[in-house]
Amino acid sequence: MPHIVVLGGGFAGATITRELERHFRRADDVHITLISRHNYMVFTPLLAEVAGNSIEPRHAVPPLRGFLSKARFHEGEVRAVDLGARVVSVEHADGRVVAIPFHYLVIALGAVTNYQRAPGAADYSYDLKSLDDAIRLRNHVLATLELADVTADAAARRALLTFVAAGGGYAGVEGLGQLVDFVRKALRFYPTIRPEELRFILATRGAQLLEGIDDQLGRYVIRKLEDRGVEVRLGVKITEVTTATATLEPGGVLPTATVLWAAGIAVNPLLADVDVPKDKRGAIVVDRALRVVGHPNVFALGDCAAVPRGDGTTYAPTAQNATREAVTAARNLAATIRGGRLTAFHFSALGSLATIGNYQAVAQFGRVPFSGLPAWLAWRSVYLLKLPSFGRQLRVALDWVLEAILPTDIVQLPVRPSDDAVANAAAAGDLRVETPAPEPGHTEAPPAERERGAGR
């Protein structure tokens with residue numbers, strides 16, 4: 001009895017599992033197993049909405065068991081893949097490591113955030129790759145507002161109220177756009193914090209934002225972000241992050257308690273120990289049928305695979321490409337088992353969408369670019385329809401309606417104290433920075449008066 005094992009429950013893994021169920025729905029002799037570290041699929045386009053308090057966290061993570069009918073699900077961490085023995089080692093929550101044999105394997109383990117370019121970024125910045133990341137970022141932002149509300153030292157307040165995003169791609173632009181909305185809406189609960197004290201910075205190595213979209217749309221994004229008070233810095237990289245600073249090049253050391261890291265991804269490190277051909281970034285090399293080169297019973301797709309185009313390049317690691325690759329890979333895997341003909345993967349992107357907050361977005365379908373409220377409505381409509389069930393669609397739609405008419409929720413969800421960089425920095429004294437010399441035209445109170453004022 002053929003046993004197909006799928007590694008990863010993201011866009012690629014979840015989609016190919018559903019497609020395999022469709023191909024083998026009447027084949028009782030074919031078994032399918034999906035292995036994922038969580039029992040839910042992270043709908044990554046909505047993580048910025050979670051961090052920005054637009055939707056409830058659990059509504060951005062559809063349960064994997066909820067849309068599987070034939071496949072068996074295993075929640076566990078993949079620890080090793082032995083292609084020679086055709087066995088996958090999986091660690092369960094209780095520490096048990098089990099060996100799961102396979103006849104056919106699908107590797108869709110995705111990617112992780114790439115922190116290699118900036119020391120300290122892995123420890124002191126925040127990203128948007130998982131549900132935990134989005135919740136931690138939201139809690140952290142609220143923690144900075146709470147601490148700023150009771151901090152009289154001007155320099156410390158500036159650091160607390162400075163929010164930096166590293167990366168000018170979709171994650172950086174959408175993440176910062178949501179944070180701008182969230183923080184400004186939350187200020188009604190923090191009367192001691194003035195809107196003009198807030199500072200938002202978007203730094204990217206590139207020459208434009210959202211590279212690959214129409215140049216006119218890229219300029220539109222910059223203009224709209226700047227209209228909302230965001231400092232957009234092109235050609236600037238962040239080279240180091242600490243609990244209380246970010247080093248910009250050019251730009252120098254910037255006091256800040258919040259860095260959103262969206263400056264690139266790296267292949268899942270587990271694949272380093274898998275004996276398969278890889279490209280220079282560590283992605284698994286596959287043929288046009290999405291089979292791993294040299295291993296006709298193993299398929300790879302999504303962010304962890306180098307999927308070739310006809311022109312010698314590879315497809316970009318996007319959710320749109322991953323779901324389309326999954327459809328082709330499932331068809332080819334079924335053909336491999338049944339002795340059918342394989343199909344070469346080919347796909348042209350249907351379009352691009354990015355929301356920038358404040359009911360604004362940009363969109364491009366084919367050669368047709370548009371922006372503003374129509375693009376924002378298109379963004380929400382497209383991603384709402386992509387959710388895998390009507391129940392999940394309804395929950396997210398209701399969240400959006402309530403978020404538009406009710407005050408923003410500033411309740412911090414429970415986290416471990418060690419997870420909060422603001423608390424760590426405050427405890428270590430890193431945020432007790434010296435106040436710089438006053439700007440021209442401003443008079444600073446003598447030290448004694450500052451101390452008296454701090455106790456009011």
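Let's start with E19, which touches V327 and A330, leaving aside residues up to four places away in sequence. Please keep in mind, everyone, that this is a predicted model. Where does E19 sit? It lies in helix α1, which covers residues 11-23. And is E19 buried or exposed? Its relative accessible area is 16%, and since buried means under 20%, E19 counts as buried. Its side chain has a polar partner too: it makes a polar contact with the side chain of R22, at 2.9 Å.

Now let's move along to the sheet. Please find the four strands in the order β11-β10-β9-β15. They form an open sheet, and the pairing is parallel. Which strands are at the edges? Those are β11, residues 230-234, and β15, residues 258-261, and each of them pairs on one side only. On average, neighbouring strands in this sheet are turned by 15° against each other, ignoring direction.

Let's zoom in on one pair. Strand β9, residues 162-166, runs parallel to β15, and four bridges join the two. If you want a spot to click on, try V164: its bridge partner in β15 is V259.

Finally, the helices beside these strands. Helix α7, residues 215-227, packs on the sheet and touches β10 and β11. Its direction makes about 140° with that of β11. Then there is helix α6, residues 170-186, which lies across β9, β10, β11 and β15. What angle does α6 make with β10? It runs at about 180° to that strand, which spans residues 199-204.

That's my tour, thanks for listening!

Definitions and conventions: Residues are numbered from 1 along each chain as its sequence is written. This is a predicted model: local features need pLDDT of at least 70, side-chain atom pairs count only at pLDDT 80 or more; totals for chains, interfaces and linings use all residues. Side-chain values use heavy atoms; hydrogens and water are left out. Two strands pair if DSSP finds at least two bridges between them. Axes are lines fitted to C-alpha atoms, for helices over the stretch in contact, and angles run from 0 to 180 degrees between N-to-C directions. Contact means heavy atoms within 4.5 Å. Buried means under 20% relative accessible area, exposed over 50%, partly exposed in between (1.4 Å probe, protein chains only). A polar contact is a pair of N or O atoms within 3.5 Å; within protein, one must be able to donate a hydrogen and the other to accept it, and residues adjacent in sequence count only if both atoms are side-chain atoms.
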